[in-house]
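Where does this protein leave open space, and what surrounds that space? Take a look at the model first.

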Amino acid sequence: EGKPKIALASATAVVAHVEPIKVPADNTTGVNMRILMLRGNLGTAARAAIQLGDYAQTETLARRWAKVPPAPFDTDDPRELSSTIAAVLADAVAMQGRHDEANNILQPALAYYREQQQAGAHGTQFRRDFAYALYVNAIAAPTDAAGQKQRRSDLDEAGKLIAGASAEAQKLADLRYVSGLIAAAERR
């Protein structure tokens, strides 16, 4: 909601309360709830930290987020979540100047998004996530001529993904945020 400092504080407080709770393995509902609370709040915290420009904290939170095990009732493709986390982590790593490492983190996510796009994915969340991953790939691109060509291509493709969303979807905070990142990167 445009208040990353509050989101970071709230989410990290929830994580601090939930993380130490021990749930018996045979209590699948309890295990599921604990995992989903950790996953959701670590994701919120990592995204808030990156919006605040605290890249080291973002990296720490994203790495913790990636270590949360699958929930017993998960039915989604685990690559969707791992790709989301990889983009946030790669962004934090790139912003700390470790571009090669960021590229290595991001490549499986980009492969996943391209595979999903070929299979017909085009929903709002997919557009946001893929556009964000392309933005991260662009900012982590090498500074040589080939890298700059890739950067322009990634930013162009990311912009088209956002532009292809409905007018209503483009007004959503998440899409506006990614659109703003893309626009700022295009000006650099």
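This report covers two pockets and one helix that serves both.

The model is predicted.

**The largest pocket**

The largest pocket holds a volume of about 610 Å³. Its lining is made of 21 residues. R47, A48, Q51, D174 and Y177 lie nearest the centre. Five helices each give two or more residues to this lining: helix 1 (4-18), helix 2 (28-51), helix 4 (78-95), helix 6 (124-139) and helix 9 (173-187). Helix 2 gives the most, with 5 residues.

**The second largest pocket**

The second largest pocket has about 530 Å³ of space. Here 23 residues form the lining. Nearest the centre of this pocket are R39, D74, E80, L81 and S82. Two or more lining residues come from each of helix 2, helix 3 (55-67), helix 4 and helix 6.

**The linings by class**

| Pocket | Nonpolar | Polar | Charged |
|---|---|---|---|
| Largest pocket | 11 residues | 4 residues | 6 residues |
| Second largest pocket | 9 residues | 7 residues | 7 residues |

**Helix 2**

Helix 2 is on the list for the largest pocket and on the list for the second largest pocket. How many residues does helix 2 have? Helix 2 has 24 residues. From first C-alpha to last, helix 2 reaches 34 Å. That is close to the 34 Å expected at 1.5 Å a residue. After helix 2 comes G53, with a positive phi near 80°.

Methods. Residues numbered from 1 in each chain as written. Predicted model: local features only at pLDDT ≥ 70, side-chain atom pairs only at ≥ 80, totals over all residues. Heavy atoms only, no water. 1 Å grid on protein atoms, 1.4 Å probe; cavity = no way out; pocket = protein on both sides within 12 Å on 5 of 7 lines; lining within 4 Å. Points joined across faces, edges and corners; volume = space filled by probe spheres on them. Helix = DSSP H or I, 4+ residues; strand = E, 2+ residues; numbered from the N terminus. Nonpolar A, V, L, I, M, F, W, Y, C, P; charged D, E, K, R; others polar. Expected span 1.5 Å × (residues − 1).
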